[in-house]
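Please look through the predicted model shown here, and follow the questions and answers below, which work through its strands, its helix and its cores.

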Amino acid sequence: MAERVTGPYRGYYISASARLVQSHGENDGEAPIYVGSVSLARGGPDDVHRFEALVDLGPERRFATEDEALAHVEQAAREYIDRLLQST
């Protein structure tokens, strides 16, 4: 599993992770599949006052590399933050 924290982005820290999942035919020579997840925090990644929300990451996505999964969920989090701050 790969994890990275970026930020602050407009006051929020983005904690993105990517993990390897078993594909149905992985034993048949198929490439590994990674899935990504993301969480947001204000005031720092270790702040006890966390902001959590379900973020629409788009249609179901699986990635060939950890970097692709991390980049996708980080971008989705930035877009969510932008929408959140526009509505206030």
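Q: Which residue is the bridge partner of Arg4 in strand 2?
A: In this predicted model, strand 1, residues 2-9, and strand 2 pair in the antiparallel sense over six bridges. One of the residues to follow across that pairing is Arg4, whose bridge partner in strand 2 is Ala16.

Q: Which residue of strand 3 is the bridge partner of Ser17?
A: On the strand 1 side, Ser17 of strand 2 is the bridge partner of Glu3. Strand 2 also pairs with strand 3, residues 33-42, in the antiparallel sense and over ten bridges. In strand 3, the bridge partner of Ser17 is Ser37.

Q: Which residue takes a positive phi in the hairpin of strand 1 and strand 2?
A: The hairpin of strand 1 and strand 2 has two residues between the strands. With a phi near 55 degrees, the residue that takes a positive value there is Arg10.

Q: How many of the ten residues of strand 2 are buried?
A: Strand 2 pairs with strand 1 over six bridges, and with strand 3 over ten bridges. Strand 2 is largely enclosed by the rest of the structure, because the number of its ten residues that are buried is seven.

Q: Which element gives the most residues to the largest nonpolar core?
A: The largest nonpolar core has eight residues, namely Ala2, Ala16, Ala18, Tyr34, Phe63, Ala69, Leu70 and Val73. Two or more residues of this core come from each of strand 2 (12-21) and helix 1 (66-86). With three residues, the element that gives the most is helix 1.

Q: With which residues is Phe63 in contact, leaving aside its neighbours within four places in sequence?
A: Phe63 belongs to the largest nonpolar core, as do Tyr34 and Ala69. Once its neighbours within four places in sequence are left aside, the residues in contact with Phe63 are Pro32, Ile33, Tyr34, Glu68, Ala69 and His72.

Q: What arc around the axis do the buried residues of helix 1 cover?
A: Helix 1 has 21 residues and reaches 31 Å from its first C-alpha to its last, close to the 30 Å expected at 1.5 Å a residue. Its buried residues are Ala69, Leu70, Val73, Glu74, Ala76, Ala77, Tyr80 and Ile81. They lie on the same side of helix 1, because the arc that they cover around the axis is only 160 degrees.

Q: Which residues are exposed on the other side of helix 1?
A: The buried residues of helix 1 include Ala69 and Ile81. On the other side of helix 1, the exposed residues are Asp67 and Gln86.

Conventions
Residues numbered from 1 in each chain as written. Predicted model: local features only at pLDDT ≥ 70, side-chain atom pairs only at ≥ 80, totals over all residues. Heavy atoms only, no water. Core = buried A, V, L, I, M, F, W, Y, C linked by side-chain atoms within 4.5 Å. Buried < 20%, exposed > 50% of the residue type's maximum accessible area, 1.4 Å probe, protein only. Helix = DSSP H or I, 4+ residues; strand = E, 2+ residues; numbered from the N terminus. Contact = heavy atoms within 4.5 Å. Pairing = 2+ DSSP bridges. Expected span 1.5 Å × (residues − 1). Arc of directions from axis to C-beta.
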